[in-house]
Amino acid sequence: MNTLHRTTAVTALMGLVIAGTHLIGATAAHADDVQPSVPPGTEPSASAPVAIDSNAPGLKIPQGGTLAPVKVLDIAEVVEDLGGEQRRQETNQTVMMALQSEVLFPENSAVFNAQAAARIQAIANEINQQKATRIRVFGFTDDQGSYEHGQVLSKQRADAVQSELSKTVTAPGVVYDVRGYSEDYPVADNSTEEGQKKNRRVEITFPRSEK
């Protein structure tokens with residue numbers, strides 16, 4: 001092989017080595033982008049579980065002792081519509097519907113807008129289905145005005161909602177608990193506009209019927 005052919009062969013071989021190196025590097029970079037097959041934190045633990053002695057005195061009921069009565073935990077299920085205008089919280093015992101004030105009233109007012117009656121009547125129909133006779137209607141505001149003004153406004157709004165409910169709730173002997181709490185008991189951060197909207201609300205709570 002002459003010098004020219006030898007030089008050409010060496011150059012070609014070096015090109016293949018360099019190209020191979022680039023391919024390996026590219027493959028490794030792609031591997032970094034692969035998502036894990038299980039969510040982080042659910043992989044098997046590398047350490048063995050702590051051994052527990054089933055005969056340990058602390059795991060045994062003392063002589064003469066009894067187990068505590070069974071207690072059913074009251075688990076809350078919360079559903080909120082996409083705009084956050086209405087939130088439903090349901091437990092084994094109660095149903096709570098929270099309506100943002102903006103969907104019921106104009107700003108700084110306790111007079112219903114055009115859509116308010118239909119929303120409240122829908123809740124009243126469910127109260128009838130549950131045959132509830134004790135209904136709580138609580139009003140709340142954000143912390144932007146004075147506490148005293150918020151207390152008056154939140155109570156006026158709760159009164160307006162109770163008055164509308166009473167037009168549709170038909171069960172005899174219904175008892176209403178109507179209160180205004182001003183800025184107390186916020187459900188969101190008052191430092192943001194979105195949080196303030198969630199805090200300006202009226203909550204309607206009633207017991208679930210036994211099934």
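**Exercise 1. Decide whether Ser 109 is buried or exposed, and find its surroundings.**

Step 1. In this predicted model, Ser 109 has a relative accessible area of 16%, so it counts as buried, where buried means under 20% relative accessible area, exposed over 50% and partly exposed in between, with a 1.4 Å probe and protein chains only. The model is a predicted one, in which local features need pLDDT of at least 70 and side-chain atom pairs count only at pLDDT 80 or more, while totals for chains, interfaces and linings use all residues. Residues are numbered from 1 along each chain as its sequence is written, and side-chain values use heavy atoms, with hydrogens and water left out.

Step 2. Ser 109 is placed in the loop between strand 3 and helix 2; helices (H or I, at least four residues) and strands (E, at least two) are DSSP runs, numbered from the N terminus.

Step 3. Leaving aside residues up to four places away in sequence, Ser 109 touches Leu 153 and Arg 157, a contact being heavy atoms within 4.5 Å. Ser 109 and Arg 157 lie 48 residues apart along the chain, and their C-alpha atoms are separated by 8.0 Å. Both Leu 153 and Arg 157 are among the buried residues of helix 3.

**Exercise 2. Work out which residues of helix 2 are buried and what they pack against.**

Step 1. Helix 2 covers residues 116-130, and its 15 residues reach 22 Å from first C-alpha to last, close to the 21 Å expected at 1.5 Å a residue; the expected span is 1.5 Å times one less than the number of residues.

Step 2. The buried residues of helix 2 are Ala 116, Ile 120, Ile 123, Ala 124, Glu 126, Ile 127 and Gln 130. Seen down the helix axis, these buried residues fall within an arc of 160°, so they line one face of helix 2; the arc is that of the directions from the helix axis to the C-beta atoms. Ala 118 and Gln 129, on the other side of helix 2, are exposed.

Step 3. The partners of the buried residues of helix 2 are strand 2 (86-90), strand 3 (94-100), strand 4 (134-140), helix 3 (147-165) and strand 6 (201-207).

Step 4. Just after helix 2, Lys 131 takes a positive phi of about 55°.

**Exercise 3. Describe how helix 2 and helix 3 cross.**

Step 1. Two packed helices are described by the angle between their axes and the distance between the axes. The axes of helix 2 and helix 3 come within 9 Å and cross at roughly 60°; axes are lines fitted to C-alpha atoms, for helices over the stretch in contact, and angles run from 0 to 180 degrees between N-to-C directions.

Step 2. Helix 2 and helix 3 are therefore oblique to each other, since angles under 35 degrees count as roughly parallel, over 145 as roughly antiparallel, 65 to 115 as roughly perpendicular and the rest as oblique.

Step 3. Helix 2 contributes Ala 117, Ile 120, Gln 121, Ala 124 and Ile 127 to the contact, and helix 3 contributes Val 161, Glu 164 and Leu 165.

**Exercise 4. Find where Ser 182 lies and what its phi is.**

Step 1. Ser 182 is in the loop between strand 5 (175-180) and helix 4 (193-199).

Step 2. The phi of Ser 182 is near 55°, a positive value in a residue other than glycine.

Step 3. With 0% relative accessibility, Ser 182 counts as buried.
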